[in-house]
Amino acid sequence: MTRAAPLLFFLILSSAAAQDPAGTLISSHSVAFNPRTGKTYVVDAPHGKLWILNAALKTAKSIDIGKGPAAVALNTKTGAVYVTLSGEGHLACLDGKTDAVTARLEVGPHPYALAIDENANRIYVTNTFSDIVAVVHAATNSIDRLRLG
């Protein structure tokens, strides 16, 4: 990858985001990179989109992901991608090969951050203003809720 590729992607995203500026919380959890596929996933909260950048192919595309995407994470073992949708209380699950949404799971009122245990194939989702952590078993999409404190 040349040094110009990241700049190209930055300009594409900046151009898209500049269409309708809005105040939004930007988090370090709003971008994820898959070293196996070379894809970078970036949430676009004001527009309800997920951007998928492919440096090798020099492409950038967006998909409508849902209301209030806040964070993205991926499981490099399975290739699955997960996006918290704070505006609708869901976790969007995507197939990392096709980038298609495969499931939407109810995980709490305002899901924000998430972490993945690749060995156990579990996703941990925190909810803003809540003491509940949703534990998603990715193989079955079943959910356990753990109360903290």
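## A60 in strand β4

In this predicted model, A60 belongs to strand β4. Its relative accessible area is 28%, so A60 is classed as partly exposed, the class that lies between the buried limit of under 20% and the exposed limit of over 50%. A60 and Y41 are separated by 19 residues in sequence, and their C-alpha atoms lie 9.8 Å apart in space.

## The sheet β1-β2-β3-β4

Strand β4 takes part in an open sheet of four strands, arranged in the order β1-β2-β3-β4 with antiparallel pairing. The edges are formed by β1 (31-34) and β4 (59-64), each of which pairs on one side only. On average, neighbouring strands of this sheet are turned by 20 degrees against each other, direction ignored.

Within the sheet, β2 and β3 (residues 49-54) run antiparallel and are joined by six bridges. Strands of a sheet pair through backbone hydrogen bonds, in either a parallel or an antiparallel manner. In the present case, K39 stands opposite N54 of β3.

## The surroundings of K39

K39 is part of strand β2, which covers residues 39-44. Is K39 buried or exposed? The relative accessibility of K39 is 11%, and K39 therefore counts as buried, the limit being under 20%.

Two polar partners of the K39 side chain can be named. One is the backbone oxygen of G96, which the side chain of K39 reaches at 2.9 Å. Another is the side chain of D99, with which the K39 side chain makes a polar contact, also listed at 2.9 Å. When neighbours within four places in sequence are left aside, the residues in contact with K39 include A32, F33 and N34, together with I52, L53 and N54. G96, K97 and D99 are also among the contacts of K39. N54 thus appears both as a contact of K39 and as the residue opposite K39 in β3.

## D99 and F129: positive phi in two loops

D99, the polar partner of K39, is located in the loop between β7 (90-95) and β8 (100-106). Although D99 is not a glycine, its phi is positive, at about 60 degrees. The relative accessible area of D99 is 6%, so D99 is buried.

F129 is likewise a non-glycine residue with a positive phi of about 60 degrees. The loop that holds F129 runs between β10 (122-127) and β11 (132-137). Which accessibility class applies to F129? With a relative accessibility of 82%, F129 counts as exposed, whereas D99 is buried.

## The sheet β9-β10-β11-β12

The strands that flank the F129 loop, β10 and β11, belong to an open sheet of four strands in the order β9-β10-β11-β12, and the pairing is antiparallel. Why do β9 (111-117) and β12 (142-147) each have a side without a neighbour in the sheet? Both stand at the edges and have a single partner strand each, so one side of each is left unpaired within the sheet. From one strand to the next, the twist averages 25 degrees.

The edge strand β9 is joined to β10 by five bridges, and the two strands run antiparallel. Across this pairing, L114 stands opposite V125 in β10.

Conventions:
Residues numbered from 1 in each chain as written. Predicted model: local features only at pLDDT ≥ 70, side-chain atom pairs only at ≥ 80, totals over all residues. Heavy atoms only, no water. Buried < 20%, exposed > 50% of the residue type's maximum accessible area, 1.4 Å probe, protein only. Polar contact = N/O pair within 3.5 Å; in protein donor to acceptor, adjacent residues only side chain to side chain. Contact = heavy atoms within 4.5 Å. Pairing = 2+ DSSP bridges. Axes fitted to C-alpha atoms, helices over the stretch in contact; angles between N-to-C directions.
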